[in-house]
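Hi everyone, thanks for making time this morning. I'd like to walk you through one structure, so let's put it on the screen.

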Amino acid sequence: MLEDLALLSPEITLAIFALLVLGLDLAFKRLKDALAYVAIGGVILAIVVTALLFGTQGSLFSGMLVVDSFAFYFKIIACLATGLVILSSIAFMKERTPYRGEFYGLLLLATLAITLLAGASDLVMIYLSFEFVSLTCYVLVGYLRGDPKSSEGGIKYFLYGAVTSAVMLYGISLLYGITGSTNLAEIRNALLFPASPAASTPWLILPAVIFMLAGFGFKISLVPFHQWTPDAYEGAPTPIAAFLSVGPKAAGFAVLIRVFLTALPAYQIDWVAILSGISLVTMTFGNLVAIQQTNIKRMLAYSSIAQVGYILLGVVAAGPETYGITGVLLFILAYLFTNLGAFVAVVAFSHLTGSDEIADYAGLIRRAPLLAAALVVFFMSLAGIPPTGGFLGKFFVFGAAIQMGQKVFYFLAVVGVLNSIISLYYYFNVVRLMCFLPAKDETSLQIPRSLVLAVTITMAMTLVMGLHPQPFIELATRSVLSIAVLSPL
Amino acid sequence: MEFPYLTLITFIPLLGAVACLLIPRKYEREMKRLAVALSLIPLVLAAILWLNYDYTAGTMQFLEEYAWIPTINVHYRVGVDGISLPLVFLTSLLTVICLFYSSYTIKERVKEYFAFFFLLEMGMVGVFVSLDFFLFYVFWEIGLVPMYFLIGVWGGPRRQYAAIKFFLYTLTGSVLMLLAILGMYFAEGTFGILEMARLRPFADNFTLQSLAFWGLFAAFAIKVPLWPFHTWLPDAHVEAPTAGSVILAGILLKLGAYGFLRILLPIFPQAFHHYAPIIAILALLSIVYGALVAMAQWDLKKLIAYSSVNHMGYVMLGLVAAASAIGTSEKILDSQAMALNGAVMQMFNHGIITGGLFLLVGVIYERSHTRDLKGFGGLGVTMPVYYGIMTATCLASLGLPGLAGFISEFLVFQGALSIIPPVAAIAISGVVVTAAMFLWKVIQLIFLGPLNEKWADLPDMQRWEVITMAPLLFFMVLFGLYPTPILNLINGTVVKLLSGL
């Protein structure tokens with residue numbers, strides 16, 4: 001039992017620190033901003049613990065949770081995301097809400113929820129942690145009560161989330177009805193080796209998969225479950241938009257990969273077909289709509305939809321020999337630093353100028369050179385130009401598609417790279433404004449130190465992933481090993 | 001462990017970029033001097049390499065290799081042979097000249113400008129020395145970003161449009177190239193360019209071979225640029241600042257031609273041979289169309305930009321002639337070698353000649369702020385030095401014997417005539433048109449005729465402008481009269497390349 005608890009120590013650490021932050025906030029009225037550092041301390045501790053445990057294997061609570069490298073990888077991603085988000089929130093939230101203690105507490109709880117989701121190996125546990133993630137995020141999106149946009153975003157997010165999770169629950173119940181189990185490994189066996197020909201029910205599996213996909217698709221904002229994304233991102237406090245674009249998405253991918261690869265390899269041909277189509281539509285739609293945006297948060301929202309389309313390509317190209325899932329993991333890590341970095345820069349800009357309009361970024365290179373330079377790096381990475389992490393991610397994901405060696409996958413890869421070109425247009429439109437045009441207001445911007453730190457870390461990591469990718473590739477490769485990838489039947 | 005010449009040539013510019021950014025703005029003059037001084041180091045190193053290169057062997061030399069990403073077999077692998085060495089030298093030479101010229105003409109955002117220029121040099125040299133596809137691709141892309149900024153920040157009135165057009169066009173080619181590279185990697189398990197030429201990926205599957213061929217072709221043809229992929233070029237050249245145009249014409253276009261030579265020809269000789277007729281027609285169209293459209297221009301810079309399409313067409317003609325003859329009789333090998341030698345030398349010559357022409361456009365534009373050929377006249381009297389230098393450069397460009405351009409064009413035509421006579425015969429008409437264009441439009445309209453009073457007191461070229469042009473003129477005359485040093489260098493490698501096909 002004690003050993004089981006040891007395996008859970010990242011979750012326990014996060015839970016303790018979340019409660020600690022909430023408790024301290026209650027007890028000492030003046031601590032508010034110091035609590036951010038307590039929360040960051042908790043996140044760092046959780047990362048350290050996770051790193052120490054990396055490589056161990058185990059199954060907890062009668063198969064509800066597994067502990068494996070794949071889960072650890074996503075736990076590290078969640079903690080990194082939260083740490084950077086808290087760092088970028090300090091200055092921003094200070095001027096916007098008096099309820100900052102709860103804010104950091106909720107963020108830690110959301111992280112805890114993601115770490116649970118990363119290890120969930122039973123449909124019941126998946127549903128519970130899924131709702132845990134959603135509930136904390138609903139509150140965080142609508143956190144600025146005085147701001148109607150924030151409330152609007154929160155409500156939309158909630159309504160969409162409630163509907164899709166109900167649909168997902170229906171899919172789960174169908175799967176349970178077919179196989180008689182909620183455990184992923186048992187479902188897999190029941191589907192691979194049906195007890196009798198009558199028990200094999202492919203006509204019921206497909207609806208079950210599609211219904212569950214509604215839930216996953218909502219979390220990672222796949223088309224057609226994406227409509228909440230731009231409104232929630234625009235309305236949410238910007239650091240929370242940053243968090244939403246990375247944390248819950250990573251969790252959504254973790255659970256999608258685990259469910260589809262562990263439980264449903266028998267139907268890989270079917271879900272690969274569905275996901276390929278969704279991937280194509282998602283990246284193309286995201287990019288085409290992003291071109292027309294005038295608000296940078298909405299642009300980044302659509303861009304993040306497009307990025308998810310690329311990541312899905314890696315899931316589609318999952319095979320025992322291919323780099324598909326490795327590519328997904330690398331892409332998500334690179335995307336964590338890049339997208340979070342871009343959002344942190346947006347946080348800094350909107351904190352100082354109160355604007356999220358793309359047109360107001362004109363001449364930024366004169367007003368805040370570091371910010372503008374960092375944004376150029378992030379946009380390069382999002383567009384997949386070396387030497388950045390984004391290039392590495394795309395290299396592996398598109399590589400996996402090519403590696404599959406079939407016409408369909410070549411087609412997917414070509415659509416993927418053509419999409420990168422479309423995306424370059426709107427990413428570099430911002431660069432054009434920042435670097436080529438004069439500023440309307442020449443005053444230089446003094447960025448708070450915590451934001452400078454966050455931007456510097458994300459920019460450095462984006463470049464390091466592009467220039468020295470070997471350790472990251474090794475990490476991702478090791479994490480993939482624990483998730484069994486079967487060849488399509 | 002040998003002295004890491006190539007690594008130094010590639011990465012000293014990076015050092016230069018960092019230095020330029022770190023020096024405070026008040027020391028701008030010192031920064032400019034330091035930048036020019038730093039850019040001389042790669043030039044000196046490249047010259048040392050040229051002198052020490054063993055051209056009788058014609059092999060890859062000065063190799064360096066370190067593991068970079070072992071999991072996917074990516075190496076930092078660099079080396080030069082007789083094809084890449086002249087281009088590395090050309091890159092370092094033109095960078096020094098451009099930085100020197102820019103230190104007089106660039107007044108705004110100087111630090112950034114110099115930093116971007118150094119990054120650009122790093123990207124270009126990197127492409128020429130890379131022997132690993134991954135590395136090649138990374139450098140190929142790195143070069144795009146600084147050029148985008150050079151056009152977009154320091155360019156002409158339509159610079160924003162030209163900058164993004166340049167970026168989108170070239171990126172379209174490069175991502176298709178990336179897919180082809182990935183395809184080859186998963187077929188053969190290596191990113192080594194030389195290894196790939198030995199393994200010949202997809203030798204048994206012509207469909208896949210064609211796909212990979214056209215993927216790479218897209219990247220290189222856009223860069224060269226081959227008709228009909230050339231439409232980014234006039235915009236980019238016209239809007240770029242003078243030094244940017246010099247680098248664009250002088251080196252960036254060579255990246256495409258270099259890709260044909262280093263990658264497509266050795267790795268896919270079969271597909272290249274098979275599709276040679278199509279490419280020959282595109283090359284021919286580039287030559288004829290480039291010349292005729294150049295002739296129709298009244299903007300001096302645009303005229304030279306289109307003449308680049310024409311001149312790079314000669315390079316492609318030489319290449320495609322060599323490719324057409326793959327697998328035919330042994331006797332034709334001489335013509336193949338001649339055509340390829342001409343193509344490689346034309347790459348170098350076009351770099352110094354057209355680079356020079358763009359500098360000379362800059363000289364007149366700085367003074368008059370117009371490039372409209374109808375507005376000049378009679379400047380030969382008031383600006384004799386400029387008249388002389390411009391005439392010499394134009395004559396080199398139109399291929400007058402005794403100057404460098406003649407040798408390479410002659411070799412290309414000589415080689416091509418015996419392999420693909422009809423194409424070569426039509427292509428020669430391009431020479432006539434360019435001759436007419438340079439003599440009539442440039443020399444006659446600017447320098448001869450009655451003096452336009454409006455420009456009566458334009459000052460002649462200053463000393464620093466003459467110094468900028470001097471090295472280019474030197475090489476035009478040297479390789480026009482005595483091409484042996486460069487032809488020896490190229491020939492060894494070209495013969496080796498052809499015998500391997």
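How many salt bridges does the rule find across the interface of chain A and chain B? Zero. Please keep in mind that this is a predicted model.

So what is there between the two chains? Let's start with the contacts. On one side, 34 residues of chain A take part, and they are in contact with 35 residues of chain B. As for polar contacts, six residue pairs between chain A and chain B are counted, both residues at pLDDT 80 or more.

Which parts of chain A face its partner? At least two residues each come from α15 (364–367), α16 (369–383), α17 (389–404), α18 (407–436), α19 (449–467) and α20 (470–481) of chain A. The largest share of that side belongs to α18(A), with twelve residues.

Now to area. The size of an interface is often given as the accessible area lost when the parts come together. Here, about 3200 Å² is buried between chain A and chain B, and carbon and sulfur atoms give 79% of it. In chain A, the residues that lose the most area to chain B are Phe395(A), Ile421(A) and Phe436(A), which together make up 22% of what that side buries.

Last stop: the other end of the numbering. Leu2(A), Leu5(A), Ile12(A) and Ile16(A) make a nonpolar surface patch of about 380 Å². Two elements of chain A, α1 (2–7) and α2 (9–27), give two or more residues each to this patch. Take Leu2(A): this residue sits in helix α1 of chain A, and Leu2(A) counts as exposed because its relative accessible area is 71%, with the cut-off at over 50%.

Conventions. Residues numbered from 1 in each chain as written. Chains lettered and ligands numbered in written order. Predicted model: local features only at pLDDT ≥ 70, side-chain atom pairs only at ≥ 80, totals over all residues. Heavy atoms only, no water. Patch = residues over 30% accessible without salt bridge, like charges linked within 9 Å, V, L, I, M, F, W, Y side chains within 5 Å. Areas by Shrake-Rupley, 256 points an atom, 1.4 Å probe, with all protein chains shown as cover. Salt bridge = Lys/Arg side-chain N within 4 Å of Asp/Glu carboxyl O. Helix = DSSP H or I, 4+ residues; strand = E, 2+ residues; numbered from the N terminus. Buried < 20%, exposed > 50% of the residue type's maximum accessible area, 1.4 Å probe, protein only. Contact = heavy atoms within 4.5 Å. Buried area = accessible area lost by both parts, 1.4 Å probe. Polar contact = N/O pair within 3.5 Å; in protein donor to acceptor, adjacent residues only side chain to side chain.
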